Amino acid sequence: MLNLSEFPDYPVFNVLESDAEREFRKEVRAWVLKEVLPEADRLEHEKAFPRDLFKKMGEKGYFKALFPKSIGGTELGIKYGTIIGEEISWACRPLVAAWDCTIFCSIPIMRFGKEEHIKKFLPGVMKGDLVGAIAMTEPPAGSDVIGSMKCTAEKDSNGDYIINGEKRFITNGSQADIFTLWAITDKSVPRHQGLSAFVFEKDFDGFEIVDDFELMGNYGLQNTYMRFNNMRIPKENLLGKEGMGAHILLDELDSERTLAAAGSCGNARNAIEIAAHHANKRFQFNKPLRYFEAINFKLADMAIKLEAARHLVYQAACTIDAGLNASKIGAIAKIFATDIAFECAHVALQICGGLGYMKGKYDEETKTYRNPNGSRAYPIERIFRGTRLSSITAGTNEILRFLVQREVFKEMNLKKSGESIDW
Ligand SMILES: Cc1cc2nc3c(=O)[nH]c(=O)nc-3n(C[C@H](O)[C@H](O)[C@H](O)COP(=O)(O)OP(=O)(O)OC[C@H]3O[C@@H](n4cnc5c(N)ncnc54)[C@H](O)[C@@H]3O)c2cc1C
């Protein structure tokens, strides 16, 4: 019978990690096995926001990694962030998504906010007391979020901003204490100059949570439709200067994409582990499945892709930590890791055969999903549904491919041709 706490893991051997990073990974992994994994089935069943675990992540200091020491962070950087992202996502992707959105709601406050907001919000964020959300996407504004945005921020006679409009697909929206919000402050200029970013709190008058969406997977993650009806934001809550919204948005996307890619490595790893375990134990034609090339080559391909994905993630993380431009490598890491995570989940499910398709029934006593014979169900269908999301968020993989090709032409200094060369 499969006991997940004794589940054989596919360890990470990485020469790109320093001794300190390897130790940190061990520490995060031990915490995940003790605190997160035993809760993963319950969270899936209850579809509840993982507030307790979120708080415990704060107690472990996992929110501090991306903040400087000057404000109470540990300044470990994005590479450590990718270790947290991979290890926790391995057991519970929705928890990482909640962490991720809180971090990337807070980084604009840290970089562009007033001293009073840094002091008011960031200590609570770093402790895991405050949940954050990023309010950008709208019904008309998805991939073309800057160009198609409709939400407005009009100045009143005090210089405060009156917000009207709607936002949708906002992760943590119904749970969040603080939000970073993007809205149009000037319609008369090109859109990328007319957007501004703000911070606001959940109890601001005129802010309405319309409802949460039901999701295909990643249960526990709350994703919200929200509306602003003359919501007043004090002028002090403007981040940076008016018109800096597009800059503030682009400033954090490379880090967000790199962490999304790291989370996908965790999911791909889990899929490989389940597939390898099953291929080893399941006999057909008097042999374990692993003896058949059609099965073991699939495992080899998954392992190759995971290694490649993790290297891209580290390359992106090291680029960001070195203060260099990571827009291309961040996009490449995100595209590759999210694509291969879904592929690994798909292939692992196939290797598990019929058992891969079974969710199991939730057993209240053990708080786990079980098959009719009492055996623990594989969580592979959950990984399959969960990983399907990642090629849509933090920039769809189509939009990121557009970004990558643009960088290729730019790096080669190839200007758009006016006419065809006649050779
Ligand atoms: C679970 C979940 C969580 C999310 N969390 C947040 C959040 O916290 N905050 C937030 O602000 N947003 C969030 N989003 C929104 C997410 O960023 C958008 O869904 C995403 O940007 C795509 O927008 P869209 O869904 O409107 O798709 P669309 O933009 O309508 O695109 C539909 C399809 O067309 C493709 N497409 C669009 N334009 C082009 C083009 N020019 N060339 C080729 N293909 C194109 C897209 O790649 C996609 O495949 C979340 C979404 C989901 C599903």
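**Charges.** I started with the charges of this predicted model. I located 55 positive and 58 negative charges in the protein chain, and their mean positions lie 3 Å apart.

**Overall form.** I then looked up the secondary structure: the protein chain has 13 helices and twelve strands. Next came the radius of gyration. It is 22 Å, close to the 22 Å that the globule rule gives for 423 residues, so the chain is as compact as a globular protein of that length. I also took the span of the C-alpha trace, which is about 80 × 70 × 40 Å along the principal axes.

**Surface and contacts.** I checked burial and found that 55% of the 423 residues count as buried. The exposed surface of the protein chain comes to about 19,700 Å², with 54% of it supplied by carbon and sulfur atoms. I went through the contacts with a separation of 6 or more; 75% of them join residues 24 or more positions apart.

**Helix 2.** I picked helix 2, residues 51-60, for a closer look. Which of its residues are buried? I noted L53, F54, M57 and G58. They sit on the same side of helix 2, because they cover an arc of only 150 degrees around the axis. I recalled the general rule: an α-helix has 3.6 residues a turn, so residues three or four places apart point the same way. On the face turned away from the buried side I found the exposed residues D52 and E59. I looked for what covers the buried residues of helix 2; the cover includes helix 1 (19-46), helix 3 (78-91), helix 4 (93-112) and helix 5 (115-127). Last, I checked what follows helix 2: G61, with a positive phi near 90 degrees.

How values were computed
Residues are numbered from 1 along each chain as its sequence is written. This is a predicted model: local features need pLDDT of at least 70, side-chain atom pairs count only at pLDDT 80 or more; totals for chains, interfaces and linings use all residues. Side-chain values use heavy atoms; hydrogens and water are left out. Helices (H or I, at least four residues) and strands (E, at least two) are DSSP runs, numbered from the N terminus. The radius of gyration is taken over C-alpha atoms; the globule rule is 2.2 Å times the number of residues to the power 0.38. Buried means under 20% relative accessible area, exposed over 50%, partly exposed in between (1.4 Å probe, protein chains only). Contact means heavy atoms within 4.5 Å. Accessible areas come from the Shrake-Rupley method with a 1.4 Å probe; for residues, only the protein chains shown count as cover. Lys and Arg count as positive and Asp and Glu as negative; His and the chain ends are not counted. The place of a charge is taken as NZ of Lys, CZ of Arg, CG of Asp or CD of Glu. The arc is that of the directions from the helix axis to the C-beta atoms.
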